[in-house]
Amino acid sequence: MYEHVVVSADWLAERLDAVRVIDVRDAWEFDGIGHIPGAVNVPFAEFRSEAGDEGMLPGAEAWESLLSTAGVAPDDDVVAYDDTHGVFAARFLVTAELYGHPPDRLHLLDGDFSAWNRGHESTSESSSPPETDYAIRDPERSPLVDYGTVLDALDDGSTVVVDTRDPGEYAEGHLPGAVNLDWRELVDDETRGLKTESELTAILGDVGVTPDTRVILYCNTARRISHTYVVLRSLGYDDVGFYEGSLTEWTERGGPVETA
């Protein structure tokens, strides 16, 4: 189990000089509203592609260029944040993991930018870290699963396929036998951070997701499952499959779909 997968604003404040902080909000928010001191802006749209090498991933060369410009070294501790409960920041972190960045050095700021703002100073000053020569690596263990694996899992009673979209989307059409767990159910609306560990465990258990269960996650384009994946990893759930193609690829390939 990795420690400090999800970190508090106080944890980050004590380590600002030792980590690389990535702000994935739009540039106008980063500059106009302010950001965490030392943070580098890598807007979500810059690492999102509809023609990547794996579903919506940006492609190896684009990713290397982005992280090199952001001053990220291959073994840096990285903390990512947004202002949307962490869902866009989680996508950045999962992308990094899939391209071989050590998972134990990837961290999500709990409570997004608002958590930082409540107790710490922000800035409008830009930082320009020295450019690195970032190179992707093959991950030691990749959570990616493909269409065939997911198709086989539909008939596997020991696997729980989880649809992380909202109930309305789920009702309109989902993978046969999939359970619905809206990713926002794991977030506390008041704090904007994750619910307590006991609450998270109970919510997950209600849909059959337990630490000893094989889980496969999907949504529409792999953004929302990124958040759920990070939550499960923070809780020590080991057997989690990440279906990058998600429903977009599934329907393009003629995969079976059922309605509520």
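**Notebook: backbone, core and empty space**

*Entry 1, two unusual phi angles.* I began with aspartate 112, and I found its place in helix α5, which covers residues 112–119. Helices here are DSSP runs of H or I with at least four residues, strands are runs of E with at least two, and both are numbered from the N terminus. I noted that this is a predicted model, in which local features need pLDDT of at least 70 and side-chain atom pairs count only at pLDDT 80 or more, while totals for chains, interfaces and linings use all residues. I also wrote down that residues are numbered from 1 along each chain as its sequence is written, and that side-chain values use heavy atoms, with hydrogens and water left out.

I looked up aspartate 112 for its backbone, which has a positive phi of about 50° although the residue is not a glycine. As background, most residues other than glycine have a negative phi. Is aspartate 112 buried or exposed? At 1% relative accessibility it counts as buried, where buried means under 20% relative accessible area, exposed means over 50%, and partly exposed is in between, with a 1.4 Å probe and protein chains only.

I then turned to arginine 192, which also is not a glycine and has a positive phi, near 70°. I located arginine 192 in the loop between β7 (179–180) and α8 (197–206), and its relative accessible area of 25% makes it partly exposed.

*Entry 2, the cavity.* Rolling a probe the size of a water molecule over the atoms shows where empty space is left. On a 1 Å grid over the protein atoms alone, a cavity is a set of points where a 1.4 Å probe fits but cannot get out, and a pocket is an open set with protein on both sides within 12 Å along at least five of seven lines; lining residues have an atom within 4 Å of a point. Grid points are joined across faces, edges and corners, and a volume is the space filled by probe spheres set on the points.

How many cavities of 30 Å³ or more does a search of the whole structure find? I recorded one, and the largest cavity holds about 40 Å³ of space. Arginine 192 is one of the residues that line this cavity, and others among them are Val6, His85, Asp110 and His227. I sorted the lining by class into four nonpolar, five polar and two charged residues, where Ala, Val, Leu, Ile, Met, Phe, Trp, Tyr, Cys and Pro count as nonpolar, Asp, Glu, Lys and Arg as charged, and the others, Gly among them, as polar. Domain 1 (6–118) and domain 2 (147–253) each give at least three residues to the cavity lining; these bounds come from an automatic or database domain assignment.

*Entry 3, the pocket.* For the largest pocket I noted a volume of about 540 Å³. Its lining has 28 residues, and those nearest its centre are Tyr2, Glu97, Pro103, Arg141 and Tyr229. I sorted this lining too, into 13 nonpolar, five polar and ten charged residues. At least two lining residues come from each of β8 (214–218), α9 (224–234) and β9 (240–242).

*Entry 4, the core.* A nonpolar core is a set of buried Ala, Val, Leu, Ile, Met, Phe, Trp, Tyr and Cys residues joined through side-chain atoms within 4.5 Å. The largest one has 49 residues, and Phe47, Trp63 and Phe92 are among those that touch the most other members. Helix α4 (residues 87–98) gives the most to this core, with seven residues, and the core draws at least three residues from each of domain 1 (6–118) and domain 2 (147–253). I checked phenylalanine 92, which lies in helix α4 and is buried, with a relative accessible area of 2%.

*Entry 5, separations along the chain and in space.* I placed phenylalanine 30 in helix α2 (residues 27–32); its C-alpha is 9.0 Å from that of serine 126, although the two residues are 96 apart in sequence. Tyrosine 170 belongs to helix α7 (residues 167–172), and its C-alpha atom is separated by 19 Å from that of aspartate 155, with their positions 15 residues apart along the chain.

*Entry 6, the record.* The UniProt annotation "domain: Rhodanese", from an unreviewed entry, covers residues 15–125 and 155–259; UniProt positions are given in the numbering used here, feature names are shortened, and annotations may be inferred rather than shown by experiment. I looked up the span 155–259, which is 32% helix and 14% strand, with its end C-alpha atoms 18 Å apart.
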